Amino acid sequence: MYNRAIPALIAVLILGGAAAWYWWPHLAPTPTPPPPVTAPPAPETEPAITHPLPTAADSGPALPALKDSDPVFLGAIGQLRGGDALRTMLQPETLIRHIVATVDNLPRPRLAVEMRPVRSTPGAFLTIGDEQQAALDDRNAARYTTAIAALRALDMRAVSGLYQHYYPLFQRAYEDLGYPHAYFNDRLVAVIDHLLATPQPPGTLALVRPKVFWEYADPELEARSAGQKLLLRMGRENAALVRARLRELRALIVTAPGTVPGSTPGTVPGSATGTAPVTAPAAAPAGQGR
């Protein structure tokens with residue numbers, strides 16, 4: 001095939017070149033065609049919002065740029081009831097970005113340690129039994145005492161108001177995370193629902209240690225997400241309080257599905273994506289838009 005195809009291809013190229021060289025002076029010049037008309041790109045379709053935030057009663061002060069938000073946001077947290085205790089557990093750098101990244105990761109198999117917005121849980125992980133037959137020690141629940149006390153003290157209505165006011169910054173961080181056409185509040189609600197679906201197995205939780213770290217002996221539990229495993233690990237009473245507060249928060253950040261108050265159904269007001277300070281609109285929920 002090579003001996004026949006290659007000379008034939010060379011012959012076609014030579015004959016074609018010779019014909020072009022011979023006929024070129026005898027041909028009338030061909031007018032240059034006009035440049036093709038390119039249709040303008042279709043406008044980007046905004047995604048529908050499944051869980052729009054409720055209408056904010058007060059827009060509050062202007063927001064800083066996301067990169068400058070840490071001191072302002074931490075100061076606002078400190079003004080909440082129980083906020084001082086909460087602040088002591090938070091990582092003060094890049095806080096909103098880390099909150100958004102962690103919320104997004106909770107339904108996944110693992111959390112990025114470097115992106116956690118809270119400091120490490122104190123104390124060692126406790127088990128009962130031995131390597132052959134181990135179980136989760138109920139005393140692990142005490143490791144979460146400080147966090148649970150802070151959560152118990154928080155006024156979830158005030159937490160919701162803070163979240164709604166700073167929502168444009170949460171949305172910007174979510175877009176920067178790789179979701180330019182999604183709505184962070186939808187993701188938050190989905191994650192809350194995912195955590196509320198965590199099972200509550202009766203009795204102690206059996207453990208195995210095939211390598212370095214302990215794992216749940218039940219393959220179904222071990223296959224659960226990082227967020228659900230956290231609820232299992234912190235003990236039933238602690239997990240029950242977390243679920244109750246999550247239900248409260250969910251009810252406060254959700255309105256009728258499919259519409260944004262004060263706008264046409266299916267539309268999304270513009271998001272705060274610039275670097276200049278952003279003022280939340282007074283006529284619509286603060287930062288409703290993408």
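Here is a short tour of this protein, going from the overall fold to one helix pair and then to three single residues.

**The whole chain**

Keep in mind that this is a predicted model. The protein has eleven helices and four strands. Of its 290 residues, 36% are buried. The surface exposed by the protein comes to about 17200 Å², and carbon and sulfur atoms supply 62% of that. As for how the chain folds back on itself, take the contacts between residues at least 6 apart in sequence: 71% of them join residues at least 24 apart.

**How α5 meets α11**

Helix α5 covers residues 145–153 and helix α11 covers residues 236–252; their axes come within 10 Å and cross at roughly 30 degrees. Angles under 35 degrees count as roughly parallel, so α5 and α11 are roughly parallel to each other. The crossing of α5 past α11 is left-handed. On the α5 side, the contact is made by Ile-148, Leu-151 and Arg-152, while α11 brings in Asn-238, Leu-241, Val-242 and Arg-245. Sorted by class, that contact has four nonpolar residues, one polar residue and two charged ones.

**Three residues to click on**

The table lists how accessible each one is.

| Residue | Relative accessibility | Class |
|---|---|---|
| His-51 | 17% | buried |
| Thr-94 | 36% | partly exposed |
| Asp-84 | 54% | exposed |

Start with His-51, which sits in the loop between α1 (2–23) and α2 (70–78). Being in a loop doesn't leave His-51 out in the open: buried means under 20% relative accessible area, and His-51 is at 17%, so it counts as buried. Which residues does His-51 touch, leaving aside those up to four places away in sequence? They are Tyr-183, Asn-185, Asp-186, Val-189, Arg-250, Ile-253 and Val-254. One of these, Arg-250, falls within the 236–252 stretch of α11.

Asp-84 belongs to helix α3, residues 83–89. With 54% relative accessibility, Asp-84 counts as exposed. Its C-alpha atom is 8.6 Å from that of Ala-150, although 66 residues separate the two along the chain. Ala-150 lies within the 145–153 stretch of α5, the helix described above.

Thr-94 is found in the loop between α3 and α4 (95–105). What is its backbone phi? Thr-94 has a positive phi of about 50 degrees, even though it is not a glycine. At 36% relative accessibility, Thr-94 counts as partly exposed.

Methods:
Residues numbered from 1 in each chain as written. Predicted model: local features only at pLDDT ≥ 70, side-chain atom pairs only at ≥ 80, totals over all residues. Heavy atoms only, no water. Axes fitted to C-alpha atoms, helices over the stretch in contact; angles between N-to-C directions. Helix = DSSP H or I, 4+ residues; strand = E, 2+ residues; numbered from the N terminus. Parallel < 35°, antiparallel > 145°, perpendicular 65-115°, else oblique. Left-handed = near helix turned anticlockwise from the far one by under 90°. Contact = heavy atoms within 4.5 Å. Nonpolar A, V, L, I, M, F, W, Y, C, P; charged D, E, K, R; others polar. Buried < 20%, exposed > 50% of the residue type's maximum accessible area, 1.4 Å probe, protein only. Areas by Shrake-Rupley, 256 points an atom, 1.4 Å probe, with all protein chains shown as cover.
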